[in-house]
Amino acid sequence: MRTATITRKTAETDITVEIDLDGTGAYDNQTGVGFFDHMLDQLARHALIDMKVRCEGDLHIDDHHTVEDVGIALGQALSEAMGDKRGIVRYGSCLLPMDDTLVRAALDLSGRPYLVWKVDFTAPQIKSFDTELVREFFQAFSTHGGITLHVEKLDGINSHHIAEAAFKAVARALRDALETDPRKADAIPSTKGTL
């Protein structure tokens, strides 16, 4: 079973993440940040990863620690659930349209974290959510999940659509990368023999 539970507690956040990589996209995410919960729901649904996130964070300061630390815990959970990555496709990409917005995401579950982020927003906030936190989430997620991740906005006006398209594009790319390769279901997808 490709599942993991991660608990992470600091002076700023108290987080529990449960994931099942072979799920149906069921989600139950409660971080205290409404828009972020909506984005995590999109990630789960479109990656077909069952996901439950609970976070109590220092929201009286701002949303930054909550968003970043959930990214850390979710990346750690992904890494643990993948195990030795035997049989996975490894690579995934998606060109995702959402109304005015078009976002491209490509990733490699290589174990070598690297984020290329070419996404600009037209507004500094979506309601009370700082749009710069979208990048902070993906930086933490890619670093702790061992993901080489490229995300690029090709078009877009509405900041809500831009953020949501980014989460959905990454989710669809992740779904493809996590699938079992029917021709090499028993092999590590690397000539090195390890990832």
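This text goes through a predicted model of one chain, from its overall layout to its helices, a loop and a cavity.

The chain contains four helices and 10 strands. Read from the N terminus, its elements follow the order β-β-β-α-β-α-β-β-β-β-β-α-β-α. The radius of gyration is 16 Å, close to the 16 Å that the globule rule gives for 195 residues, so the chain is as compact as a globular protein of that length. Measured out along the principal axes, the C-alpha trace would be described by a span of about 45 × 40 × 25 Å. Of the 195 residues in the chain, 51% are buried, where buried stands for a relative accessible area under 20%.Helix α2 covers residues 64-82. With 19 residues at 1.5 Å a residue, α2 should span 27 Å, and its end C-alpha atoms are 27 Å apart, which agrees. Since 14 of the 19 residues of α2 are buried, this helix is largely enclosed by the rest of the structure. Just after α2 comes G83, which takes a positive phi of about 60 degrees.

The loop between α2 and β5 holds K85 and also R90. Most residues other than glycine have a negative phi. K85 departs from this pattern, with a positive phi near 70 degrees in a residue other than glycine. R90 is not a glycine either, and its phi is positive at about 90 degrees. Are these two loop residues buried or exposed? The cut-off for buried is under 20% relative accessible area. K85 has a relative accessibility of 6%, so it counts as buried. R90, at 7% relative accessibility, counts as buried too.

After this loop comes strand β5, made of residues 91-98, and M98 lies in it. The relative accessible area of M98 is 14%, so this residue is buried. M98 can also be placed relative to a residue far along the sequence: D155 is 57 residues away along the chain, while the C-alpha atoms of M98 and D155 are separated by 9.8 Å.

Helix α4 runs over residues 159-178 and has 20 residues. From its first C-alpha to its last, α4 reaches 29 Å, close to the 28 Å expected at 1.5 Å a residue. Like α2, α4 can be described by its burial: 16 of its 20 residues are buried, and the helix is mostly covered. At the start of α4 there is a contact between a side chain and the backbone, in which a side-chain oxygen of N158 comes to within 2.9 Å of the backbone nitrogen of H160.

The last topic is the space inside the protein. How many cavities of 30 Å³ or more are counted? The count comes to one. The volume of the largest cavity is about 50 Å³. Its lining is formed by I19, L21, L43, I49, M51, L74, L78, F141 and L174. What kinds of residues make up this lining? The division is nine nonpolar, no polar and no charged. Both helices described above contribute to the lining of the largest cavity: L74 and L78 fall within residues 64-82 of α2, and L174 falls within residues 159-178 of α4. In an α-helix there are 3.6 residues a turn, so residues three or four places apart point the same way.

How values were computed. Residues numbered from 1 in each chain as written. Predicted model: local features only at pLDDT ≥ 70, side-chain atom pairs only at ≥ 80, totals over all residues. Heavy atoms only, no water. 1 Å grid on protein atoms, 1.4 Å probe; cavity = no way out; pocket = protein on both sides within 12 Å on 5 of 7 lines; lining within 4 Å. Points joined across faces, edges and corners; volume = space filled by probe spheres on them. Nonpolar A, V, L, I, M, F, W, Y, C, P; charged D, E, K, R; others polar. Helix = DSSP H or I, 4+ residues; strand = E, 2+ residues; numbered from the N terminus. Expected span 1.5 Å × (residues − 1). Buried < 20%, exposed > 50% of the residue type's maximum accessible area, 1.4 Å probe, protein only. Polar contact = N/O pair within 3.5 Å; in protein donor to acceptor, adjacent residues only side chain to side chain. Rg over C-alpha atoms; globule rule 2.2 N^0.38 Å.
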